[in-house]
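Visitor: I am new to this structure and would like a close look at a single part, the metal site. Please take me through it slowly, and then show me what lies around it.

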Amino acid sequence: MSAKKKKTKILIFDTTLRDGEQSPGCSLTHREKLEIATQLERLNVDVIEAGFPIASPGDFRAVNDIAKTIKNASIAGLARCVKADIDSCAEALAPAKKRGRIHVFLATSAIHRKYKLRKARSEILKQAAESVKYARKFTDDVEFSPEDASRTESDFLAQIVEAVIDAGATTVNIPDTVGYSIPSEFGAVIARLYDDVPNIEQAIINVHCHNDLGLAVANSLAAIQNGARGIECTINGLGERAGNAALEEIVMAIRTRADVFSNVDTDINSERLYKISRLVSRLTGMTVQRNKAIVGANAFAHESGVHQDGMLKQRATYEIMRAEDIGKEGTELVLGKHSGRHAFKHRVEKLGIALNKNELERTYKRFIKLADKKKMIYDDDLIMIAREEMVESSRAYALEYFSVSTGTETVPTATVRLSKGSDIIQDAACGDGPIDATLKTIDRITGVQGKLLDFQVQAISMGKDAMGEVNVRVSIGDDVMSSKAASTDVVEAAAKAYLSCVNRYLFDQDAKKPVAAEKKKVVKRKKAVKKKK
Ligand code: KIV
Ligand code: ZN
């Protein structure tokens with residue numbers, strides 16, 4: 001029996017809290033940084049770069065508190081090659097003990113030497129080696145970054161890498177600081193270092209790629225193929241200018257193309273990627289573009305009829321990863337004018353609407369007409385079409401009316417009226433806010449206890465009467481589902497999106513029950529409604 005070859009671990013060095021926080025327009029409070037660090041630990045990153053301690057008292061405190069709180073990952077702090085920076089970094093990292101990493105950097109490219117530092121190669125070499133030696137007085141874990149490495153002359157880059165390893169650097173990071181490299185070239189930089197630096201095996205080679213040409217992930221992957229063992233990256237690809245390599249893309253590229261990256265893997269818990277992406281987006285206020293790879297809203301959504309039909313027959317026809325692998329509820333078949341009958345039927349059935357052949361044809365035609373006029377078709381649009389075509393056979397709840405009273409001195413109270421087939425049911429409940437009160441009232445009427453896990457609002461039109469699209473993620477029993485709805489009123493959109501999760505849950509439950517039990521329940525419900533009236 002041939003023993004399976006053990007894969008080499010690629011170390012994931014997350015710099016969301018340092019380089020990511022340097023993104024224009026992104027700033028995090030102390031508490032938010034700790035929250036992100038805790039989630040990064042759960043994601044199982046190897047190193048968390050927590051900040052640049054000398055840069056500000058806030059950065060110092062963040063590095064210090066993260067060093068106190070995080071128990072498994074190494075904690076890195078950034079420092080220029082000057083004693084005061086290294087002292088401050090060592091002090092901030094002290095609580096992390098052996099897991100504290102001092103990360104010193106100094107620019108090495110000709111352009112930085114001439115204009116920024118005004119220093120000769122020899123001075124740079126000396127300063128880098130001395131700083132690494134000095135940092136080693138505080139910790140055994142010292143990283144050196146030759147800033148702008150990818151634009152540094154290859155002989156000088158090899159010279160400085162050798163010098164800092166001799167001085168005690170345990171990790172040497174090769175940054176593509178301005179995102180100038182292309183994959184073949186960057187891979188060659190790493191390969192050449194392995195050829196030219198005699199002591200290179202004594203250190204781990206990291207890479208740190210910026211995304212100015214949209215190549216940060218491709219360059220990082222090329223570096224792995226040429227011997228890099230650590231990747232510096234950020235959640236959602238945040239970072240200076242166009243950002244850094246996106247952690248989620250690196251991890252999923254390695255996993256999904258295990259045929260190519262057959263000898264490496266990371267220790268990342270990929271099922272946590274979606275959740276941390278949402279968290280970072282919410283806390284930094286940096287929205288993730290819909291078509292962003294892996295974590296964008298459209299990454300697992302299909303609209304074309306041909307694709308939807310293929311997906312319903314065999315998922316692998318149009319998906320190379322499973323949404324569940326990043327912790328997202330399954331694939332989404334978005335209904336729009338390009339959708340075919342197959343996907344349409346699938347969705348309406350999911351909503352508890354059973355259609356015979358003629359009804360399917362009629363409602364599908366109406367749906368296509370509507371889809372031609374409207375950008376997005378939501379579940380409540382389908383319920384409306386179905387109700388108009390076939391009122392009695394609809395088992396889905398629809399929102400008929402709602403009103404909420406709220407204010408600084410008032411307990412938010414909602415009154416909601418839902419219809420189901422020909423039944424109308426009304427109830428009221430209080431909550432922590434107008435949305436909470438409305439959703440609690442829906443729970444009372446439907447008898448379903450849902451828990452709102454995520455709630456996002458996005459404007460989908462401009463102006464004072466802007467339409468808001470609400471996305472909800474709801475857990476009901478053991479199920480977690482997502483839905484969206486749009487309205488000029490956020491509470492109404494929330495109610496509709498939530499209700500569509502409830503409908504899907506109830507329909508799935510009904511589908512599991514024997515027919516007799518179902519009939520009994522309907523009779524009971526009708527009685528209950530009469531009583532209320
Ligand atoms: O982009 C860069 O060169 C950096 C260094 C400090 C590693 O962020
Ligand atoms: Zn950087």
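Guide: Along the chain, the donors of the zinc ion (ligand 2) follow the spacing D-x188-H-x1-H, where donors are N, O and S atoms within 2.8 Å of the metal (3.2 Å for Na, K and Ca), and where sites may look incomplete, water not being among the atoms. The residues behind that spacing are D19, which binds through OD, and H208 and H210, each through NE2, and these protein donors lie 2.0 to 2.2 Å from the zinc ion (ligand 2). Because D19 sits in the loop between β2 (11–14) and α1 (30–43), while H210 sits in the loop between β8 (204–209) and α8 (216–225), the pair ties together parts that are 191 residues apart in sequence. The helices (H or I, at least four residues) and strands (E, at least two) named here are DSSP runs, numbered from the N terminus.

Before going further, please keep in mind that this is a predicted model, in which local features need pLDDT of at least 70 and side-chain atom pairs count only at pLDDT 80 or more, whereas totals for chains, interfaces and linings use all residues. Residues are numbered from 1 along each chain as its sequence is written, chains are lettered from A and ligands numbered from 1 in the order in which they are written, and side-chain values use heavy atoms, with hydrogens and water left out.

As for cover, D19 counts as buried at 2% relative accessibility, and H210 is buried too, with a relative accessible area of 4%; buried means under 20% relative accessible area, exposed over 50%, and partly exposed in between, with a 1.4 Å probe and protein chains only.

The cysteines can be looked at next. A disulfide is a pair of cysteine sulfur atoms within 2.5 Å, and by this rule the count comes to zero. C26 is in no disulfide, the nearest cysteine sulfur, that of C233, being 16 Å away, and C26 is itself buried, with a relative accessible area of 6%. The sulfur of C209 has its closest cysteine sulfur in C233 as well, but at 10.0 Å the two are too far apart for a bond; C209 is buried, with a relative accessible area of 0%.

Two loop residues deserve a look for their backbone. N236, in the loop between β9 (230–233) and α9 (247–256), has a phi near 65 degrees, a positive value in a residue other than glycine, and N236 is buried, with a relative accessible area of 12%. I294, in the loop between α10 (273–284) and β11 (301–302), has a phi near 70 degrees, again positive in a residue other than glycine, and at 8% relative accessibility I294 counts as buried.

Stepping back to the whole, the protein chain comes to 17 helices and 18 strands, and its C-alpha atoms fill a box of roughly 90 × 60 × 55 Å, taken along the principal axes. Of the 533 residues in the protein chain, buried residues make up 52%. Where contact means heavy atoms within 4.5 Å, residues 24 or more positions apart account for 66% of the contacts in the protein chain with a separation of 6 or more.
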